[in-house]
Amino acid sequence: QVQLVESGGGLVQAGGSLRLSCAASGRSISSYYMGWFRQAPGKEREFVAGIHWSGGSRYYADSVKGRFTISRDNAKNTVFLQMNSLKPEDTAVYYCAADPSPIATMPHSYDYWGQGTQVTVSS
């Protein structure tokens, strides 16, 4: 029903920037809430940022607030995560997720997930 494809990950030095993209498709995708999550080896998947397709309200984890920005291009059904001032602790696989009415910060409340894109920040 909903397909999500992440891209834009890579290797960057601490203090650098990356821009992740999540291309979404499916019926009524514009009514969904979109979230970015990340998971480092041996750790639980954690919420990073979220946005409503139609509303524009944004939410951020405290660990990324002021450094990361989530945005969307409704015409292209794409959400972005602009990551600035990257730190080594930001290293993780980043996932895009979608759900019509999730609990924003809880991974298990999202129905749809992308395959993930690796972000590695070197010191």
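Start with the charges: the protein carries 11 positive and 9 negative ones, and the mean positions of the two sets lie 6 Å apart. For that count, Lys and Arg are positive and Asp and Glu negative, with His and the chain ends not counted. Each charge is placed at NZ of Lys, CZ of Arg, CG of Asp or CD of Glu.

Some ground rules before going further. This is a predicted model, in which local features need pLDDT of at least 70 and side-chain atom pairs count only at pLDDT 80 or more, while totals for chains, interfaces and linings use all residues. Residues are numbered from 1 along each chain as its sequence is written, and side-chain values use heavy atoms, with hydrogens and water left out.

Now for the overall build. The protein has 11 strands and zero helices, so to speak a plain β-β-β-β-β-β-β-β-β-β-β run from the N terminus on. Helices (H or I, at least four residues) and strands (E, at least two) are DSSP runs, numbered from the N terminus. The C-alpha atoms fill a box of roughly 40 × 30 × 25 Å, taken along the principal axes. With 123 residues, a compact globule would have a radius of gyration near 14 Å, and the 13 Å of this protein agrees with that. The radius is taken over C-alpha atoms, and the globule rule is 2.2 Å times the number of residues to the power 0.38.

What about inside and outside? Of the 123 residues, 43% count as buried; buried means under 20% relative accessible area, exposed over 50%, and partly exposed in between (1.4 Å probe, protein chains only). The protein exposes about 6300 Å², and carbon and sulfur atoms supply 46% of that area. These areas come from the Shrake-Rupley method with a 1.4 Å probe, and for residues only the protein chains shown count as cover. Contacts (heavy atoms within 4.5 Å) tell us about the chain's path: among those with a separation of 6 or more, 55% are between residues 24 or more positions apart.

A good place to step inside is the disulfide. The count comes to one, a disulfide being a pair of cysteine sulfur atoms within 2.5 Å. The partners are Cys22 and Cys96, with their sulfur atoms 2.1 Å apart. This pair links distant parts of the chain, with Cys22 in strand 3 (residues 18–26) and Cys96 in strand 9, 74 residues apart. The torsion about the S-S bond is about -80 degrees, so the disulfide is left-handed. Cys22 is buried at 0% relative accessible area, and Cys96 is buried at 0% too.

Stay on strand 3 and you reach Ala24, which is buried with a relative accessible area of 8%. Its C-alpha sits 9.2 Å from that of Cys96, 72 residues apart in sequence. Leaving aside neighbours within four places in sequence, Ala24 is in contact with Gln3, Leu4, Ile29, Met34, Trp53 and Asn77. Gly26 is in strand 3 as well, but this residue is partly exposed at 33%. With residues up to four places away in sequence not counted, Gly26 touches Gln1 and Val2. Its C-alpha is separated by 9.5 Å from that of Asn77, 51 residues apart along the chain.

Asn77 deserves a look of its own. Most residues other than glycine have a negative phi. Asn77, though, has a positive phi near 50 degrees. Asn77 lies in the loop between strand 7 (68–73) and strand 8 (78–83) and is partly exposed at 23%. Ser85 also has a positive phi, near 50 degrees; Ser85 sits in the loop between strand 8 and strand 9 (92–99) and is partly exposed at 41%.

Ser85 leads on to Ser17, which touches Val12, Gln82, Met83, Asn84, Ser85 and Leu86, not counting residues up to four places away in sequence. Ser17 is found in the loop between strand 2 (10–13) and strand 3 and is partly exposed at 39%. Ser17 and Arg67 are 50 residues apart in sequence, with 9.5 Å between their C-alpha atoms.

Last stop: Ser71, in strand 7. Ser71 is buried at 18% relative accessibility. Residues up to four places away in sequence aside, Ser71 touches Arg19, Ile51, Arg58, Thr78, Val79 and Phe80.
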